[in-house]
Structure formats: structure tokens, C-alpha cells
Amino acid sequence: MDMTETKSALSSVSADDARDRGGKAQPMLIARGLQKHFPITGGILNRTVARIRAVDGVSFTVMKGETLGVVGESGCGKSTLARLLMHLIPPDSGELIFDGEAVAAKDGLEVRDMRRLMQMVFQDSYSSLNPRMPVEDSIAYGQIVHGASNEAAKQAARALMEKVGLDPNLFGPRYPHELSGGQKQRINIARALVLEPRVVILDEAVSALDKSVEAQVLNLLRYLKDVFNLTYVFISHDLNVVQYVSDRVLVMYLGEVVEIGPVDKIYANPKHPYTAALLASRLSMNPDDRVNEPPLIGDPPNPINPPSGCRFRTRCEFAEKICEIETPALPQDVGPMGHACACHMFVAKSGHSKSIMHAAEDVTPSSPAESPS
Amino acid sequence: MTTETKTPLVSVRDLNVKFVSREATVNAVNDVSLTVQHGEVLCIIGESGSGKSVSMRALMRLLPERRAVISGKLAVDGQDVLALKGKELAAFRGGEAAMIFQEPMTALDPVYTVGHQIAETVRRHTGCSFEEGLARALELLELVKVPSAKRRLNAFPHELSGGLRQRAMIALALSCRPKLLLADEPTTALDATVQIQVLILMRKLQQELGMGMIFVTHDLGVAAEIADRVAVMYAGRIVETGTVQEVLTDPKHPYTKGMLSSTVHGNMRGQDIEAIPGSPPDLRALPTGCSFGPRCAFADSHCLEQLPPEVMLGNDRLARCFKVDAAPAAADAGSVPA
Ligand SMILES: Nc1ncnc2c1ncn2[C@@H]1O[C@H](COP(=O)(O)OP(=O)(O)OP(=O)(O)O)[C@@H](O)[C@H]1O
Ligand SMILES: Nc1ncnc2c1ncn2[C@@H]1O[C@H](COP(=O)(O)OP(=O)(O)OP(=O)(O)O)[C@@H](O)[C@H]1O
Ligand code: SF4
Ligand SMILES: [Mg+2]
Ligand SMILES: [Mg+2]
């Protein structure tokens with residue numbers, strides 16, 4: 001009954017949002033086959049000598065009002081994915097559908113309009129605020145650019161400062177260097193909310209904060225999500241934080257999605273060997289419960305020349321011949337709330353010696369909650 | 001403390017470090033005392049700016065002499081660290097005591113190969129030949145489990161992945177068989193799957209080599225994984241010490257309790273986290289009373305006016321707080337009024 005648990009975290013999300021175009025069941029965001037390769041140039045002619053496959057055919061759905069957590073190790077493409085969603089960089093290929101409308105397509109949603117509806121908060125709260133502007137002006141700026149009067153924008157900024165827990169009289173006139181890291185991150189969050197977005201992408205938004213401050217900001221994000229009926233894409237390498245905030249989790253490895261599903265299923269019963277190893281690498285806070293054997297050996301390989309077949313095979317204890325030859329696909333037919341994983345062990349008759357066993361296992365306990373309605 | 005016959009490996013008494021400039025004085029480390037026995041791992045836990053790195057740098061005499069005003073007594077294996085000069089100091093650093101950092105490039109020189117750097121260090125400290133140094137370098141890279149160690153001797157630091165670079169730095173630090181290893185967040189920048197490998201490796205090496213280690217971290221999970229004892233720092237002071245079990249499973253100081261309750265774990269989903277309100281004090285203007293007072297749920301006027309004493313809660317176990325009771329009341333000593 002883990003699905004009901006997942007839902008309860010969202011209970012106060014108002015069901016009817018006037019801005020809803022596609023209806024409640026229409027996913028907030030659909031990404032299909034997103035790809036971004038960065039060329040590496042070299043030589044005298046500055047020719048492309050290699051390509052970093054930062055995001056390589058990524059597809060997923062974000063439902064309205066949910067928090068989708070994105071985890072994976074450094075360099076696996078999380079930030080590139082975020083920038084693709086925001087159209088801060090153009091994808092090489094793939095499409096993005098925002099509440100039923102294709103983004104940047106003919107007759108679709110213009111990037112400019114999409115960016116009002118989708119905002120982003122970064123890890124580096126220092127560089128994203130203008131150092132020469134009082135923070136309340138930084139917050140108001142977004143509305144002014146979009147045509148609001150100075151007065152109205154300032155009012156909105158001050159109201160938002162209250163909402164993020166900063167007294168506008170005390171903190172509004174301050175400059176970024178006069179604020180602590182946690183306070184700056186609150187300002188960044190306020191700034192992201194000023195255009196009344198529907199989706200906020202949080203890219204390591206709490207990672208640079210101390211634990212005691214991180215806890216404050218996480219509480220704030222929970223509160224704001226309810227108040228403003230927000231949908232979050234929450235990117236982090238901190239598996240505990242992701243478990244705490246997410247309804248569903250997407251696991252990336254070397255530019256690809258290796259597993260996606262409801263948070264309880266992923267954490268209680270990870271399918272992909274990489275997800276399992278990642279979770280087993282978490283440190284316990286109990287000294288009597290130490291990890292004595294490392295779950296994985298070695299570092300993640302270079303995304304310039306990823307291994308053939310399954311990209312995880314060089315570190316996977318279950319790797320077999322088929323894993324080298326064929327790339328396991330992420331099943332796309334599990335439904336938006338389903339649990340899918342890209343591993344030959346979970347595909348019937350894939351040629352992996354464990355394939356039937358796992359595939360069968362997978363059929364039996366799959367929860368009835370997965371079929372919509 | 002108790003009557004100890006053996007000299008401890010590290011003895012720090014009333015360490016104070018101030019950074020003095022024309023504009024302000026930063027009280028980075030205030031009256032810190034700590035002890036590390038031979039073969040023991042002490043973790044210093046604390047948030048950003050609490051003085052962890054400055055304390056370590058003071059122990060290695062790595063602070064800028066002109067700006068940092070250091071007072072107190074620092075002894076490593078009976079040697080008065082603050083009295084070391086010239087050659088003695090050079091022999092001490094990297095000899096008896098070695099340090100590793102979060103960012104390996106602060107310790108590794110980008111223009112020399114890993115093998116060259118280790119060999120050179122060994123040669124300098126032991127007076128052996130460069131070739132003998134290289135042989136030792138290979139031994140060390142194998143010891144820290146660098147795959148294809150022989151080939152990696154000839155690698156430049158930038159040619160290695162993050163995890164391997166960290167291992168190379170550990171190898172360099174171990175090259176002269178230090179008695180004391182100071183580790184300043186060496187795994188913080190690593191990915192989860194790599195961090196656990198390095199932690200397990202470090203614990204194993206520490207035990208096999210019988211080294212003492214001070215390991216700085218802000219991550220309670222890392223402390224749980226590697227520490228024998230823990231010291232919790234807040235605003236330049238040690239506010240609680242004890243064994244890792246004592247501190248992490250039965251914290252006494254309100255700050256330690258707050259740190260534990262504000263650390264997120266999965267089964268808290270759907271409910272607010274018990275966060276500590278506010279943020280740490282400005283080290284240029286510390287509060288007169290308890291530095292945690294302004295954020296503490298238990299604080300009364302006394303706490304805000306006077307510096308709380310170090311209350312002994314047991315052998316090597318203390319908390320700096322008015323609201324904890326001293327040892328004799330053993331059973332629920334220090335249970336802070338809830
Ligand atoms: N503008 C760019 N030009 C070239 N390569 C890039 C660019 N941006 C990212 N990359 C590369 O693409 C890969 C994915 O990077 P990305 O920043 O998306 O990773 P990430 O998952 O966010 O990592 P982290 O956890 O460290 O933030 C990396 O190898 C990175 O070096
Ligand atoms: N060279 C210096 N000059 C002036 N102030 C300094 C200097 N080095 C450190 N400080 C200050 O001393 C205080 C303690 O710093 P320290 O680096 O020890 O913190 P830390 O506990 O290691 O934090 P972190 O977890 O961020 O590494 C900080 O306020 C810092 O700004
Ligand atoms: S001394 Fe008082 S203010 Fe300081 S931590 Fe203890 S209870 Fe809180
Ligand atoms: Mg990133
Ligand atoms: Mg530090």
C-alpha cells in the first residue's frame with residue numbers, strides 16, 4: 001500500500017489549478033528521448049575529436065503535484081538534464097511536452113512562456129544573486145521584466161520573503177554578502193517563485209548547506225509546495241534527502257536512466273544492480289551498523305567513451321556476455337507510476353542467465369496500485 | 001583527566017586561534033582541548049566554519065604565521081609542536097604527522113607524476129635513493145589499492161579519476177609511515193560508491209599500520225563509519241566528546257541532539273524535520289554566554305550570560321552545557337529537560 005503513503009504527502013495540493021490546460025491526468029512534463037552530447041574539440045583545426053554523452057536518450061514523465069527525485073553520481077548528467085528541461089541548452093534531439101503542449105515546436109508552447117511556468121534553483125546560491133542589488137530587488141526583478149510595475153513587483157517580493165521565512169524589513173534591503181548560505185538559498189527560492197511557476201527544478205539546491213540549515217530549507221520547500229501547488233524535480237546526490245522529498249525517483253548512470261519508480265519501491269526493492277549498490281553505499285548513523293565491504297569497486301567510467309551494451313557492466317557483479325553486446329532498454333510501458341529498470345536480468349528471455357527468474361519475480365508482486373484508477 | 005601513564009599521541013590543551021586583521025578579529029578556535037591515543041581514530045564533527053580545518057592546520061603548523069595568533073599547548077608524541085623550527089618542522093610535517101585534504105590537488109603537484117612525488121618525499125625524509133623511493137611508491141600505490149599500480153606510477157594527477165587521486169594522496173601521506181594522520185574531509189567530494197571504498201580503505205590502513213588519526217567531517221554517517229571517538233565542534237569550541245557510540249546514540253549537548261534530529265533519513269517522509277532554528281554565530285563577535293544559546297531550545301538567561309563549563313559526564317566524556325549534570329548522577333546524567 002505504498003502508493004497511498006506516497007499520495008498522502010501531497011494531500012493539501014489543490015486539485016483544481018486554474019492554469020491547468022491538459023487536465024489533472026495530463027502529466028505536467030513529458031520528456032521523450034532527450035539527448036545532449038558535448039563535442040570535445042582539439043587539434044589545430046579544432047575539430048570534434050570526441051563527444052561527451054552527457055544525456056543520452058532520456059525519457060520520463062513528471063505528474064502534476066509530485067516530486068520526482070533524480071539521483072546519480074557526479075557527471076552522470078543530472079544538471080545537463082535540468083538545463084535541457086529548462087531549454088537553457090538546446091537538445092540534440094528529443095522532445096519536451098509541458099502540460100500537453102510541445103515546447104519550442106510549431107503551434108506549441110514558446111520557450112519564453114515555458115520558462116515562466118518552470119523555474120530553477122541551483123546549488124551555488126552565491127553566483128546566482130546579483131551582488132550589487134538588495135535582495136528584495138533581486139526577487140522583484142523577474143516580475144518587472146515581465147511587465148509588472150515597480151511597486152507591484154516590490155510588494156510581491158516582500159510577500160514572498162515572508163513566505164520563505166525572512167522578515168522583509170530586516171532582510172529586504174540587505175545585499176547577498178550580508179546573508180548566510182541558508183538565507184541566500186531562501187532568497188533564491190523566493191526569486192524562483194515570483195513568477196508563479198508550476199514546476200520548480202531544484203538542482204542540488206540544499207547540497208551546499210549545513211545539515212541544520214538544510215533541514216530548515218527542506219521544511220520550507222515542503223510548505224511552499226503545498227501553498228503554491230508546485231511540482232518539483234529534485235536533483236541531488238544525497239540519497240537520504242531524495243528519499244525524504246520524493247514521490248518517485250529516477251536513477252541515472254552515465255547519461256541514461258537505469259531505473260525509475262515510486263520511492264518506496266526503489267528504496268525497499270531496487271531492481272537495477274547500480275541502484276542497489278548506490279543504496280548500499282549509504283552510511284548508517286549507527287556506529288554498530290558499519291558497512292564493511294564496499295558495494296562497488298572502482299569509479300564511474302568516463303562519459304566520453306561509455307562501455308558498450310549496458311554502461312554499468314564494467315562495475316556490475318552480474319555482467320554477462322549479453323550485457324556487453326546489447327544495450328538494455330528502459331521499458332516504457334509500465335505506466336506513469338510504474339517501476340521500470342534497464343537491465344537484462346529484468347527482461348524475459350534477454351539471454352542473461354538470471355533473466356527468467358527476475359522477470360517472473362517482477363510479475364508476481366507488482367502492486368495493483370500501479371494500474372491507474 | 002584520569003591518571004594516564006602512557007603519553008597520548010596527540011595532546012591539545014587550550015588551543016586558541018585568532019585571525020587578526022585591521023577590520024576584525026576572527027575567533028576561529030576557542031579553548032580547544034583534545035587527546036588522541038596511539039592507534040585511535042578521533043572524528044571532529046562540525047558545521048561549516050566551526051573551526052575544524054583551522055584546528056588541524058594549527059596542529060600541522062600550516063597556518064599563515066603572520067595573521068594567525070595561536071596560543072595553547074600542542075604536543076604530538078611528546079613533541080612540542082609550537083616550538084618546532086626549520087628542519088625539525090620539515091621532518092615533522094610529512095614525517096611523524098601527515099595530512100590529507102578534501103581536494104587532492106592541494107597536496108599533489110600537477111607537474112610531477114604520482115610516482116615521482118612519492119619517491120621524492122620518501123627520499124627527502126629517509127635519505128634513500130630515488131630508485132628506492134620509487135620502489136616504495138609502488139608498494140604504497142598497491143597498499144591503497146590503486147589498480148595497475150605500476151602503470152599509475154607514471155600518471156600525472158589530472159590523469160586520474162577523483163577516487164584514484166584521493167588514493168594517491170593517501171599513499172603520499174603514508175609514505176613516511178606517520179604516527180598521526182590528519183584527514184580533513186578527504187571523502188566529502190567523492191561519490192557515495194567511491195566514498196565508502198575510501199573510508200573502508202582508510203580504516204583498514206589505520207588499523208594495520210597502528211596509526212592515530214584525526215578525521216574531520218560534517219557528516220555524521222562518516223563519523224559512524226570510521227570513528228572510535230568523536231568531538232563535536234560549534235563556533236570554534238568543542239561542545240561534546242565521547243565514544244562514537246555515546247555521542248551518536250546518546251547525545252547530551254543540545255547542539256549534538258539538534259544535529260542528529262535535523263539529519264534527514266528516509267522514514268521521516270511526510271513530516272517536518274526537527275530543524276535547529278537560526279544559524280551559527282559570527283566568529284568576529286561571539287555571544288558572551290554559550291555560543292549555541294541563541295539557537296538553543298533549553299537556554300535560559302544564565303546560558304546567555306555566562307560561558308558554560310566543560311561538564312565531565314564520565315571518562316573522556318564531556319559536554320559544555322549548563323543543563324547537563326556531571327557524572328555521579330550516572331544513569332540519566334545530562335538528560336536535558338525535555
Ligand atoms: N557545457 C559543457 N561542455 C562540455 N561538457 C559538459 C558541459 N556541461 C557538462 N558537461 C559534461 O557532461 C557530463 C555530465 O555533466 P553534468 O553536469 O550534467 O553532471 P551532474 O550529474 O550534474 O554531475 P554533478 O553531480 O557533479 O553535478 C560531465 O561529464 C560533464 O563534464
Ligand atoms: N586564513 C584565514 N584568515 C581569516 N579567517 C580564516 C582563515 N582561515 C579560516 N578562517 C575563518 O576561521 C573560521 C573557521 O574556519 P575553518 O576552515 O576551520 O572551518 P571548518 O570547520 O573547517 O569549516 P568547513 O566545514 O566549511 O571546512 C571561519 O570563520 C573562517 O572564515
Ligand atoms: S548551555 Fe544552555 S544554551 Fe548552551 S547549549 Fe546548553 S542549554 Fe543550550
Ligand atoms: Mg550537477
Ligand atoms: Mg574545513
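**Stop 1: the sheet in chain A**

Start by selecting strands 1, 2, 4 and 5 of chain A: these four form an open sheet in the order 2-1-4-5, and their pairing is antiparallel. Keep in mind as you look around that this is a predicted model. Strand 2 (47–62) and strand 5 (101–102) of chain A stand at the edges with a single partner strand each, so one side of each has no neighbour in the sheet.

Now zoom in on strand 1 (residues 29–42) of chain A. Twelve bridges pair strand 1 with strand 2 of chain A in the antiparallel sense. To find one of these pairs, select A:Lys36, whose bridge partner in strand 2 of chain A is A:Val55. Then add helix 2 (residues 78–85) of chain A, which packs on the sheet and touches strand 1, strand 2 and strand 4 (93–98) of chain A. The direction of helix 2 makes about 115° with that of strand 1 of chain A.

**Stop 2: A:Asp92**

Follow the chain out of helix 2 and select A:Asp92, placed in the loop between helix 2 and strand 4 of chain A. Leaving out residues up to four places away in sequence, what does A:Asp92 touch? Its contacts are A:Gln35, A:Lys36 and A:His37, and you have already met A:Lys36 as the bridge partner of A:Val55. A:Asp92 counts as partly exposed, with 38% relative accessibility. For a sense of distance, draw a line from the C-alpha atom of A:Asp92 to that of A:Leu117: the two residues are 25 apart along the chain, and the atoms are separated by 23 Å.

**Stop 3: a loop residue in each chain**

Stay in chain A and select A:Glu204, in the loop between strand 7 (199–203) and helix 8 (211–228) of chain A. Phi of A:Glu204 is near 50°, a positive value in a residue other than glycine. Is A:Glu204 buried or exposed? A:Glu204 counts as buried, at 9% relative accessibility.

Next, jump to chain B and select B:Glu185, which sits in the loop between strand 7 (180–184) and helix 7 of chain B. B:Glu185 is not a glycine, yet its phi is positive, at about 50°. B:Glu185 is buried, with a relative accessible area of 10%.

**Stop 4: helix 11 of chain A**

Select residues 273–280 of chain A to see helix 11, which is mostly covered, with six of its eight residues buried. Colour the buried ones: A:Pro273, A:Tyr274, A:Thr275, A:Ala277, A:Leu278 and A:Leu279. What do they pack against? Within chain A, their partners are strand 3 (67–71), helix 9 (239–245), strand 9 (248–253), strand 10 (256–262) and helix 10 (263–268). They also pack against helix 7 (192–209) of chain B.

**Stop 5: the sheet in chain B**

Move over to chain B, where four strands form an open antiparallel sheet in the order 2-1-4-5. Strand 2 (25–36) and strand 5 (79–80) of chain B are at the edges; each has a single partner strand, so one side of each is left without a neighbour in the sheet.

Select strand 1 (residues 10–20) and strand 4 (residues 68–76) of chain B, which run antiparallel and are joined by eight bridges. Here B:Val10 stands opposite B:Val76 in strand 4. Lying across strand 1, strand 2 and strand 4 of chain B is helix 1 (residues 52–59), which runs at about 115° to strand 1 of chain B.

**Stop 6: the nonpolar cores**

In soluble globular proteins, nonpolar side chains tend to be buried together. The largest nonpolar core here has 102 residues, and those with the most contacts inside it are B:Leu34, B:Met202, B:Ile214 and B:Phe215. Select B:Leu34 and, leaving aside its neighbours within four places in sequence, look for contacts including B:Val10, B:Leu42, B:Ile44, B:Ile214 and B:Ile238. A second, separate core has 62 residues, among them A:Ile189, A:Ala205, A:Leu239 and A:Cys323.

**Stop 7: B:Tyr234 and ligand 3**

Select B:Tyr234 in strand 9 (residues 229–234) of chain B. B:Tyr234 counts as buried, at 2% relative accessibility. Beyond residues up to four places away in sequence, B:Tyr234 touches several residues, including B:Ser50, B:Tyr255, B:Ser291, B:Phe292 and B:Arg295.

Finish at ligand 3, which is surrounded by 13 residues. The closest are B:Cys290, B:Cys296, B:Cys303, B:Cys321 and B:Lys323. How does the shell divide by residue type? Ten of its residues are nonpolar, two are polar and one is charged.

How values were computed
Residues are numbered from 1 along each chain as its sequence is written. Chains are lettered from A and ligands numbered from 1 in the order in which they are written. This is a predicted model: local features need pLDDT of at least 70, side-chain atom pairs count only at pLDDT 80 or more; totals for chains, interfaces and linings use all residues. Side-chain values use heavy atoms; hydrogens and water are left out. A residue is near a molecule or strand if one of its heavy atoms lies within 4 Å of it. Ala, Val, Leu, Ile, Met, Phe, Trp, Tyr, Cys and Pro count as nonpolar, Asp, Glu, Lys and Arg as charged, and the others, Gly among them, as polar. Buried means under 20% relative accessible area, exposed over 50%, partly exposed in between (1.4 Å probe, protein chains only). Helices (H or I, at least four residues) and strands (E, at least two) are DSSP runs, numbered from the N terminus. Contact means heavy atoms within 4.5 Å. A nonpolar core is a set of buried Ala, Val, Leu, Ile, Met, Phe, Trp, Tyr and Cys residues joined through side-chain atoms within 4.5 Å. Two strands pair if DSSP finds at least two bridges between them. Axes are lines fitted to C-alpha atoms, for helices over the stretch in contact, and angles run from 0 to 180 degrees between N-to-C directions.
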